[in-house]
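Here is a briefing on one protein chain. Points are grouped by topic.

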Amino acid sequence: MKKRLFGVDSRFSLEKYLKKFNKRNILLVRSRNSFFTNGGSELIEKLEDSYNFFHYFNFSNNITLSEVKKGKGYLQKNNCELILSIGGGSVIDMGKSINFLNNFNNNKINLLTSRKKISVLPNIVLPTTSGTGSEETHFATVYFRNKKYSIQNSLLNPQVVIIDPYFTFQVPKRITACTGLDALCQSIESYWSLNSNKISKSFALKSIKLILDNIFSAFNSNNKKAREKLAYAANYSGRAINISKTTAPHALSYAISTKFKIEHGYAVALTLGKFLKINFHIAKKNNYPKKNESLKNLRRIYSFFGVSKPEEAEKKWVELLKKLNLESDFKKIGIDNHKTINYLVKNVNMERLSNHPVKMNKADLIKIFLD
Ligand SMILES: [Fe+2]
């Protein structure tokens with residue numbers, strides 16, 4: 001049974017859970033720098049007499065297969081019996097990916113999509129940003145030669161999750177914006193995803209409301225209460241996509257973020273506004289089996305922005321990005337020619353695209369960037 005703890009100072013419960021698992025050698029997957037400023041290192045220092053922590057932190061934001069292999073080697077060399085992840089989405093995904101790869105003797109690329117039975121080490125997770133909700137999902141993103149792979153197994157969902165908003169109190173503005181947008185996009189995509197159900201939809205709605213009510217206050221004035229709410233919202237977004245998965249904006253984002261070296265949440269948010277509009281028009285003109293449901297879902301999302309029409313929703317989205325100091329003009333980012341657009345469309349993640357509520361062909365995707 002998964003254990004979740006919420007609240008400021010809940011991080012101090014870590015000791016209790018470490019005692020429960022009773023493992024001495026621990027692989028500590030952590031962020032490279034922010035670990036020393038967000039409260040992570042202080043927390044670990046207090047536990048160093050009782051446990052051996054082997055720190056793994058030298059990896060990129062878009063984690064690669066070779067970095068996961070290194071982490072696995074480090075875990076095995078030091079006989080670690082528990083994985084503790086303290087960090088943002090990449091850190092948490094790294095912990096889950098090492099746990100997965102630890103099951104196999106070789107490190108071949110086709111293992112990333114393996115659906116074989118696995119066994120896992122206990123994994124305790126303390127998120128330090130309010131973004132991916134990776135602490136709640138059974139999948140992890142790993143890149144190989146710039147292509148995105150999704151490791152997937154129900155056992156990868158971490159057993160213990162401690163959401164202490166204290167970790168997020170000093171997150172810089174830009175990261176607050178990008179991680180908040182990731183959680184918001186995940187929740188919107190989850191809500192309209194073909195795989196959504198009643199439970200995922202209720203998580204998604206809670207998350208959308210919390211983010212829209214609190215993101216500006218966290219971004220502009222570093223309001224602690226607002227940051228606390230964003231931490232919970234991100235967790236809800238993870239629980240929502242754990243059921244529904246994400247859709248077209250995420251499917252396009254992986255190529256955008258690797259090509260232009262921009263943050264994941266920002267890369268997703270860049271196209272989401274366009275989908276708020278185009279989904280409506282595609283659903284409206286064609287006779288989809290789930291047409292009415294798709295339109296109803298969109299109208300519900302529009303209502304959070306205080307509008308009822310697709311064009312108004314897109315406009316509100318552009319305003320949202322502007323208020324978070326993020327450019328929404330594709331041309332200014334470098335998506336300004338057919339070659340680049342074709343590259344992004346060609347590299348769309350088909351698995352995530354298949355969850356999208358309306359059918360998108362190549363021409364529709366190209367239109368997203370030209371519109
Ligand atoms: Fe995401």
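Lysine 245 counts as buried, because it has 24 C-beta neighbours inside 10 Å and the cut-off for burial is 20 or more. Its place is the loop between H7 and helix H8 (248–260). The model is a predicted one.

**Positive phi in two loops**

- Lysine 245 is not a glycine, yet its phi is positive, near 60°.
- Most residues other than glycine have a negative phi.
- Asparagine 222 also departs from that pattern: phi is about 50°, positive, in a residue that is not a glycine.
- Asparagine 222 sits in the loop that runs between helix H6 (198–221) and helix H7 (224–244).
- Is asparagine 222 buried or exposed? Asparagine 222 is partly exposed, because its count is 16 C-beta neighbours inside 10 Å, and partly exposed covers counts between 12 or fewer (exposed) and 20 or more (buried).

**Around the H6–H7 loop**

- Asparagine 223 lies in the loop between H6 and H7.
- Asparagine 223 is partly exposed, with 15 C-beta neighbours inside 10 Å.
- Beyond its neighbours within four places in sequence, asparagine 223 contacts Ser217 and Ala218.
- Asparagine 223 and asparagine 361 are 138 residues apart along the chain, and 43 Å separate their C-alpha atoms.
- Aspartate 213 belongs to helix H6. With 14 other C-beta atoms within 10 Å, aspartate 213 is partly exposed.
- Aspartate 213 and leucine 230 are 17 residues apart along the chain, and their C-alpha atoms are 9.2 Å apart.

**The nonpolar core**

- Which residues touch the most other members of the largest nonpolar core? They are Val142 and Leu230, in a core of 99 residues.
- Helix H9 (residues 264–285) supplies the largest share of this core, 12 residues.
- Both domains take part: domain 1 (3–168) and domain 2 (173–370) each give at least three residues to this core.
- In soluble globular proteins, nonpolar side chains tend to be buried together.
- Leaving aside neighbours within four places in sequence, the contacts of leucine 230 are Ser130, Gly180, Leu210, Ile211, Asn214, Ile215 and Ala218.

**Two domains and their contact**

- The domain assignment splits the protein chain into domain 1 (3–168) and domain 2 (173–370).
- The centres of domain 1 and domain 2, taken over C-alpha atoms, are 26 Å apart.
- How many residues does each domain bring to the contact? Domain 1 brings 19 residues and domain 2 brings 25 residues.
- On the side of domain 1 that touches domain 2, 12 residues are polar, 4 are nonpolar and 3 are charged.

**The open sheet**

- The 6 strands of an open sheet run in the order E1-E8-E5-E4-E2-E3, and the pairing is parallel.
- Why do E1 and E3 each have one side without a neighbour in the sheet? Strand E1 (3–6) and strand E3 (52–56) stand at the edges and each has a single partner strand, so one side of each is left open in the sheet.
- From one strand to the next, the twist averages 15°.
- Strands of a sheet pair through backbone hydrogen bonds, either parallel or antiparallel.

**Strand E8 and its partners**

- E8 pairs with E1 in the parallel sense over 4 bridges. Lysine 3 has valine 160 in E8 as its bridge partner.
- Strand E8 (residues 160–163) also pairs with strand E5 (residues 123–127), in the parallel sense and over 2 bridges. Valine 160 in E8 is the bridge partner of isoleucine 124 too.
- E8 is covered on both faces. Val160 and Ile162 are buried on one side, and Val161 and Ile163 are buried on the other.
- Helix H1 (residues 14–21) lies across E5, E8 and strand E4 (82–87). H1 runs at about 170° to E5.

How values were computed. Residues are numbered from 1 along each chain as its sequence is written. This is a predicted model: local features need pLDDT of at least 70, side-chain atom pairs count only at pLDDT 80 or more; totals for chains, interfaces and linings use all residues. Domain bounds come from an automatic or database domain assignment. Two residues are in contact if their C-beta atoms, placed from the backbone, lie within 7 Å. Ala, Val, Leu, Ile, Met, Phe, Trp, Tyr, Cys and Pro count as nonpolar, Asp, Glu, Lys and Arg as charged, and the others, Gly among them, as polar. Two strands pair if DSSP finds at least two bridges between them. Axes are lines fitted to C-alpha atoms, for helices over the stretch in contact, and angles run from 0 to 180 degrees between N-to-C directions. A nonpolar core is a set of buried Ala, Val, Leu, Ile, Met, Phe, Trp, Tyr and Cys residues joined through C-beta atoms within 7 Å.
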